[in-house]
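Welcome! Please take a moment to look over the sequence and the structure, and then let us walk through them together.

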Amino acid sequence: MIERRTVFKAALAAGAALVAAACSSENGGTALPTGAANADGEGGAQPVAKITAEPAAEAKDVSVLKPVVLKVADGKLTECKVTAGGKELKGDTAPDGLTWTSSEPLGYGKTYTYAAKATGNDGKPVEFKGSFTTINPATQVRATLNPSDNQTVGVAMPISVKFAAPVKDRKAVEKALSVKTDKKIEGAWGWLSDKQVDYRPKEYWPENITVNVEAKLYGVELGGGAYGKADVTTKFKIGRNQVVKVNTPDHQMRVYRNGAQVKSYPCANGLDAEVDRNTPNGTYMIMTKEPTAVFDNARYGYTNINKKWACRFSNHGEYIHENQDNAAHIGRDNNSHGCVNLLEADAKDYFDSALIGDPVEITGSKLSPPMASDVKDWNYDWKTWQSLGAK
């Protein structure tokens with residue numbers, strides 16, 4: 001009896017040692033399940049499924065523009081989560097269960113953590129864990145887009161993208177810009193400064209078309225460690241074709257619709273005898289419409305002069321506006337400081353017909369177009385305009 005008890009206790013001790021060995025981990029980490037012993041008593045085969053990720057685990061400075069993709073070979077995905085700061089990244093698993101792809105942009109300067117599971121073709125589960133970090137820009141540059149949504153503008157209106165800081169990589173920006181219309185037109189982007197790029201067609205826009213603009217600037221490297229802060233878009237309409245033409249010696253402001261003259265107003269333009277006071281030659285556009293405007297020019301001795309029905313057409317300071325006080329010269333002489341003076345009733349009539357973006361074409365003057373303005377798109381010939389694109 002004593003011998004039998006001793007043998008039984010020895011057998012129990014040996015069994016306990018075997019169980020402890022099966023649950024241990026050589027590196028002291030979390031134990032992973034192993035395959036069951038086979039009929040010969042040998043260890044089970046490893047699971048066949050393998051999960052991989054793009055970007056790879058531990059990747060640094062990952063672009064925020066590329067989607068996250070989880071893939072499985074020899075199995076099907078059963079669970080996919082990618083999180084940052086407790087928020088789950090949106091994504092979808094393909095119907096065949098082989099891939100999961102994110103469906104929203106990544107954030108700047110974030111750490112994303114993978115947690116994926118799959119079941120192999122052998123029926124065994126596998127897991128995938130890891131993390132990666134995205135680029136953290138030195139600066140994020142905001143951009144604005146004009147015209148804004150749902151505006152109806154004239155046929156000379158350019159599309160303008162303005163940046164809060166200078167752009168070094170102009171090619172990268174232009175690749176992120178697109179213009180779509182419901183009529184085929186020829187147009188091009190031109191850089192007016194390192195903070196402004198405009199798009200204009202070769203000729204005036206066709207009337208009554210819709211223009212869709214996308215500036216997909218988020219995640220775009222602008223150079224010098226700067227990246228686009230956000231995408232901006234706009235959708236606007238081109239209105240009827242109306243063009244103002246002033247040949248300064250004629251003292252008449254003529255208005256055309258679709259090439260046919262519909263109005264002619266007597267006017268007084270910039271003083272002929274003093275070139276600096278000439279209304280400058282060039283093609284401009286209506287920039288603002290102001291029912292009343294205050295005019296100041298200390299150089300010529302006037303301040304706080306109020307005029308009605310003012311339509312600005314140049315950043316050089318030129319307007320089409322009412323000047324009833326100058327009625328004796330309107331239609332007869334050019335004596336203004338560069339503006340186009342109209343009688344009050346005519347100024348109101350024109351004001352009511354005008355759209356922001358309507359062309360204003362000035363000829364007959366001795367003064368060249370002021371090219372310091374940031375609204376000078378139409379004062380470049382087409383070949384020169386094309387040369388202003390990214391090199």
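## Charges over rings

A charge sits over a ring if NZ of Lys or CZ of Arg is within 6 Å of the ring centre and within 35 degrees of the ring normal. With that in mind, find K245, which lies over the face of Y256 at 5.0 Å from the ring centre. Another example is R200, whose charged end sits over the ring of W378, 4.1 Å from its centre. Please keep in mind throughout that this is a predicted model.

## The chain as a whole

Now for a wider view. The chain has 28 strands and four helices. It holds 391 residues, and buried residues make up 41% of them. The accessible surface comes to about 21,000 Å², with 51% of this belonging to carbon and sulfur atoms.

How do contacts span the sequence? Take the contacts between residues at least 6 apart in sequence: 64% of these join residues at least 24 apart.

## Two nonpolar cores

In soluble globular proteins, nonpolar side chains tend to be buried together. Here, the largest nonpolar core has 35 residues, and those with the most contacts inside it are I159, V161, F163 and L217. Several elements give two or more residues to this core: the strands β10 (143-146), β12 (159-163), β14 (187-193), β15 (196-201), β16 (210-215) and β19 (232-238), along with helix α2 (170-175). Another core lies apart from this one; it has 26 residues, among them L77, L89, Y108 and Y112.

V161 is a good residue to click on in the largest core. Which residues does V161 contact, leaving aside its neighbours within four places in sequence? The partners of V161 include A143, T144 and L145, and also L177, W189 and L217. Among the others are K195, Q196, V197 and D198.

## Aromatic neighbours

A pair of aromatic rings is described by the distance of the centres and the angle of the planes. A search of the whole structure finds 13 aromatic pairs. One of them is formed by Y112 and F132, which are stacked, with 5.4 Å from centre to centre and 15° between the planes. The two residues are 20 apart in sequence: Y112 belongs to strand β7 (residues 111-120), and F132 to strand β8 (residues 125-133).

Are Y112 and F132 buried or exposed? Y112 counts as buried because its relative accessibility is 5%, and F132 counts as buried because its value is 1%. Ring pairs also bring in Y114 and F128, which form a cluster with Y112 and F132.

## A helix with two sides

Next, turn to helix α3, which covers residues 344-353. Its buried residues are D346, A347, Y350 and F351. Seen down the axis of α3, these buried residues fall within an arc of 135°, so they line one face of the helix. On the other side of α3, A345 and D352 are exposed. It helps to recall that an α-helix has 3.6 residues a turn, so residues three or four places apart point the same way.

## Loops with unusual backbone

Most residues other than glycine have a negative phi, and most peptide bonds are trans. The loop between β1 (50-54) and β2 (69-73) is where P55 is found, and the peptide bond from E54 to P55 is cis, with omega near 0°. E58 lies in the loop between β1 and β2 as well. Although E58 is not a glycine, it has a positive phi of about 75°. With a relative accessible area of 51%, E58 is exposed.

A cis peptide bond also joins N146 and P147, where omega is about 5°. P147 sits in the loop between β10 and β11 (152-153). In the loop between β15 and β16 you will find N208, whose phi is positive, near 60°. N208 is partly exposed, with a relative accessible area of 47%.

## A buried loop proline

Last on the tour is P137, in the loop between β8 and β9 (139-141). P137 is buried, with a relative accessible area of 12%. Beyond its neighbours within four places in sequence, P137 is in contact with Y108, G225 and Y227. How far apart are P137 and G228 in space? They are 9.3 Å apart, C-alpha to C-alpha, while 91 residues separate them in sequence.

Methods. Residues are numbered from 1 along each chain as its sequence is written. This is a predicted model: local features need pLDDT of at least 70, side-chain atom pairs count only at pLDDT 80 or more; totals for chains, interfaces and linings use all residues. Side-chain values use heavy atoms; hydrogens and water are left out. Buried means under 20% relative accessible area, exposed over 50%, partly exposed in between (1.4 Å probe, protein chains only). The arc is that of the directions from the helix axis to the C-beta atoms. Contact means heavy atoms within 4.5 Å. Accessible areas come from the Shrake-Rupley method with a 1.4 Å probe; for residues, only the protein chains shown count as cover. Rings of Phe, Tyr and Trp (its six-membered ring) pair if their centres lie within 6.5 Å; planes under 30 degrees apart count as stacked, over 60 as edge-to-face and the rest as tilted. A nonpolar core is a set of buried Ala, Val, Leu, Ile, Met, Phe, Trp, Tyr and Cys residues joined through side-chain atoms within 4.5 Å.
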